[in-house]
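Trainee: Could you take me through one part of this model up close? I'd like to look at the cysteines, and then at the packing inside.

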Amino acid sequence: MKDNKIKKNTQAIRDIQHFGEEGGVVPVIDHSATSTFLNTSDMEKVFQGDLQGCYLYSRHSNPTVTAFSKKLAAMEYTEAAFGVASGMAAISCTIEQLLLDGGHIISSNTIYGGTWALFNNILSKRPNISISFVDPDNAEAFQKAIKPNTKLIYTETMSNPLLAISDISSLSKVAKKNNIPLVVDNTFTPVLVSPKQLGADIIVYSCTKYISGNSDLIAGAICASQDFISQLIDVNSGVAMLYGPVMDPNIAYQLYSRLDHLPLRMLAHSKAAKFLVDKMLEAGIKNIYYPGLPEHPQHNLFKQMRSSEEYIYGGMITLDCGSLEKATALSQLLQEQKFGLFAVSLGFSRTLLSCPSASTSSEIPEEEQKKIGLKPGLLRMSIGLIGDDEILAKKFIDSYNKVCG
Ligand SMILES: *Cc1c(COP(=O)(O)O)cnc(C)c1O
């Protein structure tokens with residue numbers, strides 16, 4: 001049963017076909033900043049909100065961005081999607097739109113550092129916005145944190161960098177009971193987990209990561225109901241339209257094409273990660289954070305949540321090296337050994353290594369880092385999909401033994 005789902009979302013991607021001009025097998029890139037109205041009376045109707053679905057101006061909608069958005073929406077099982085300039089644009093536009101009149105957010109406490117900083121250092125400074133951070137492992141804590149003015153629940157499918165898994169079905173029940181949307185950042189697990197199928201309402205992505213796969217562009221997307229996407233691009237009150245962090249059509253074209261091999265890439269990343277973890281375990285390496293380990297707190301939950309067991313456990317591995325010094329020394333050696341590159345971000349064809357406490361999670365104050373188990377010696381690895389797994393595992397284990405052994 002479950003294994004059909006992998007084929008289903010792959011088929012959904014495949015079924016989207018935008019022909020180029022003259023019947024090309026790929027869409028053309030529509031560079032036009034503005035669109036002609038053949039009937040002059042239609043333009044006024046668009047501005048008054050009486051006519052929808054027209055191309056007007058590329059900050060509002062663009063045919064190439066729409067081609068990408070439709071393909072992504074098909075993959076996500078959502079009615080619609082909207083490509084934006086970055087993952088942070090996807091997150092900030094979504095939250096701002098839901099909080100136009102202010103309100104309260106309940107967020108899991110193990111979120112991406114940038115999102116944490118947006119919530120804590122920008123949004124919560126406003127007099128009409130407040131935020132509660134709760135343990136993502138505990139759906140009851142979300143219910144307890146509900147206030148009369150709670151506008152949304154926010155979480156990440158797989159958290160950064162500890163790779164904890166949110167129980168999306170349970171959180172969606174809390175959201176539905178309180179008549180508010182569940183917003184899920186699925187950046188670490190595209191295709192592998194389909195949050196909409198588990199009850200999420202709005203799915204946000206940093207397309208910079210796996211969806212791009214090539215670490216050569218910055219992009220984001222929001223997948224939701226047609227109604228919510230229409231709100232975002234409303235000429236009078238749409239946050240995406242009025243703040244304007246739109247996706248460039250050149251980038252939309254690239255992402256449109258790259259979605260075709262996203263499922264294959266996710267399989268390859270996942271296989272390579274599993275191979276390395278098995279070798280690490282054989283070598284007696286401990287303190288590995290990886291959802292495939294039986295001792296991972298949400299191991300069984302994640303198994304149920306995956307769209308297919310073929311995707312194994314995803315392409316991310318985190319390791320506690322004991323101290324920041326050891327984590328950085330190991331990274332240095334791994335880079336010299338050509339095991340990977342010491343760089344933030346993830347989802348690249350090559351392995352990327354980073355020390356979150358001193359980089360992507362450094363926005364989170366030390367006190368808070370301690371509370372959520374974010375240890376200074378963590379080394380986060382986004383496992384690449386190219387190379388000889390045996391050779392790479394040997395490089396890793398030799399380097400580990402030199403630095404941490
Ligand atoms: C990178 C990342 C973001 C931010 O995305 P950008 O494309 O860099 O703006 C948000 N959430 C998660 C989980 C990320 O990894």
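**Cysteines and cores**

Mentor: Sure, cysteines to begin with: the structure holds zero disulfides, a disulfide being a pair of cysteine sulfur atoms within 2.5 Å. Keep in mind that this is a predicted model, where local features need pLDDT of at least 70, side-chain atom pairs count only at pLDDT 80 or more, and totals for chains, interfaces and linings use all residues. Residues are numbered from 1 along each chain as its sequence is written, and side-chain values use heavy atoms, with hydrogens and water left out.

Cys-207 is in no disulfide, and its nearest cysteine sulfur belongs to Cys-223, 7.7 Å away. Cys-207 is buried, at 0% relative accessible area; buried means under 20% (1.4 Å probe, protein chains only). Cys-223 is likewise in no disulfide, and it is buried at 0% too.

Now the packing. A nonpolar core here is a set of buried Ala, Val, Leu, Ile, Met, Phe, Trp, Tyr and Cys residues joined through side-chain atoms within 4.5 Å. The largest one has 83 residues, and Phe-68, Ile-317, Met-381 and Phe-396 touch the most other members. Helix H11 (residues 262-282) gives this core its largest share, eight residues; helices are DSSP runs of H or I, at least four residues, numbered from the N terminus. Domain 1 (4-260) and domain 2 (262-404) each supply at least three residues, with bounds from an automatic or database domain assignment.

Zoom in on Ile-317: leaving out residues up to four places away in sequence, its contacts include Leu-163, Ala-273, Leu-276, Tyr-289 and Met-381, contact meaning heavy atoms within 4.5 Å. There's also a second, separate core of 36 residues, including Ile-91, Ile-95, Ile-229 and Leu-232.

Terms used: Buried means under 20% relative accessible area, exposed over 50%, partly exposed in between (1.4 Å probe, protein chains only). Helices (H or I, at least four residues) and strands (E, at least two) are DSSP runs, numbered from the N terminus.
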